[in-house]
Amino acid sequence: MIVFDRVSKVYPGGNTALKNVSLHIKKGEFVFVLGHSGAGKSTFLKLILREEKATSGRVYVNGKDLTRMKEREVPYLRRNMGVVFQDFRLIPSMTAYENVAFAMRVTNIPEKKIASRVPYVFSLVGLSEKMDKYPDELSGGEQQRVALARALVHSPQLIIADEPTGNIDPELSLEMMELLSAINSVGITVVVVTHEHELARHFSKRVITIDHGSVIGDSQTHREEEVGEVIL
């Protein structure tokens, strides 16, 4: 599903965000990508989304080489992904329903399909009664679930959650992770990017730890590297 093959990313000015990283996340896995602020997690995420290109090495998502992908192909890549951002990124002038429906309309999905699919994903995240509410009428946890519904609406093969619990209470954080676990149980790959060690420890999932641009730990390998990379 996701393969990093000796990937490095150096930004203009010489800031090295990732150093010779190799790893493999298989289809259907649930993986925490853990690291402090500035460790390289954001760059890791941007490379998967093809918001950035690797300076060296290869990045593959679902068999596609992102380092050689043409710009016109990027939107099709992202249609197979669902992303939940820390700041939710909901449109305040749209209801919860409209926020999720909009994600389908921009890809020219027929209205009939939207009308059936959107209520279904709201039922999955437990918000069927809140579809007509505007974002400012919803709690932080409810806004997060709207963002998750939007991520699910295209039936993606991959869900990426970027610091998904950063703006909600600890109790709601566990609820969000349990919801993501349930999504993962039906075969969807889930990658959670976070700095919260306790949250990762609470769930018996694979944990990849990034520090200063290098993968220094991977719970799947049952060993830790002092520096450098983990190759699976």
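In the predicted model, aspartate 65 counts as buried, with a relative accessibility of 17%. Because the cut-off for burial is under 20% relative accessible area, aspartate 65 falls in the buried class at its 17%. This residue takes part in two of the salt bridges described here: one with arginine 58, where the closest N and O atoms are 3.2 Å apart, and one with arginine 68, where the corresponding separation is 3.7 Å. The two arginine partners were assigned to other classes of accessibility. Arginine 58 is partly exposed, at a relative accessible area of 26%, whereas arginine 68 is exposed, at 60%. Side chains of opposite charge can pair when their charged atoms come close.

A search of the whole structure gives 12 salt bridges. Among them is the pair formed by aspartate 87 and arginine 89, with the closest N and O atoms 3.3 Å apart. Both members of this pair are partly exposed: aspartate 87 has a relative accessible area of 48%, and arginine 89 has one of 49%. A network of salt bridges also links Glu29, Arg206 and Asp218.

Arginine 89 is notable for its backbone as well, since a positive phi of about 60° is found there although the residue is not a glycine. Its place is in the loop between strand 6 (81-84) and helix 3. A positive phi of about 60° is also found at asparagine 108, again not a glycine. Asparagine 108 belongs to the loop between helix 3 and helix 4 and counts as exposed, with 69% relative accessibility. Most residues other than glycine have a negative phi.

Helix 3 spans residues 96-105, and its buried residues are Ala96, Asn99, Val100, Ala101, Ala103 and Met104. These buried residues pack against helix 4 and helix 5. The loop between helix 4 (111-124) and helix 5 (140-152) holds glutamate 137. Glutamate 137 is partly exposed, its relative accessible area being 48%. Together with Glu129, Asp132 and Asp136, Glu137 forms a negative surface patch. Patch members must have over 30% relative accessible area, so glutamate 137, at 48%, satisfies that part of the criterion.

Valine 190 lies in strand 8 (residues 189-194) and is buried, with a relative accessible area of 0%. Not counting residues up to four places away in sequence, valine 190 touches Glu29, Phe30, Val31, Ile159, Leu180 and Asn184. One of these contacts, glutamate 29, is 161 residues away along the chain, yet the C-alpha atoms of valine 190 and glutamate 29 are separated by 6.4 Å. Glutamate 29 is also a member of the salt-bridge network with Arg206 and Asp218.

Another residue touched by valine 190 is Asn184, which is found in helix 6 (residues 170-184). At 11% relative accessibility, asparagine 184 counts as buried. When its neighbours within four places in sequence are left aside, asparagine 184 is in contact with Gly28, Glu29, Phe30, Thr189, Val190 and Lys205. Glu29 and Phe30 thus appear in the contact list of asparagine 184 and also in that of valine 190.

Terms used. Residues numbered from 1 in each chain as written. Predicted model: local features only at pLDDT ≥ 70, side-chain atom pairs only at ≥ 80, totals over all residues. Heavy atoms only, no water. Patch = residues over 30% accessible without salt bridge, like charges linked within 9 Å, V, L, I, M, F, W, Y side chains within 5 Å. Areas by Shrake-Rupley, 256 points an atom, 1.4 Å probe, with all protein chains shown as cover. Salt bridge = Lys/Arg side-chain N within 4 Å of Asp/Glu carboxyl O. Lys, Arg positive; Asp, Glu negative; His and termini not counted. Charge placed at Lys NZ, Arg CZ, Asp CG, Glu CD. Helix = DSSP H or I, 4+ residues; strand = E, 2+ residues; numbered from the N terminus. Buried < 20%, exposed > 50% of the residue type's maximum accessible area, 1.4 Å probe, protein only. Contact = heavy atoms within 4.5 Å.
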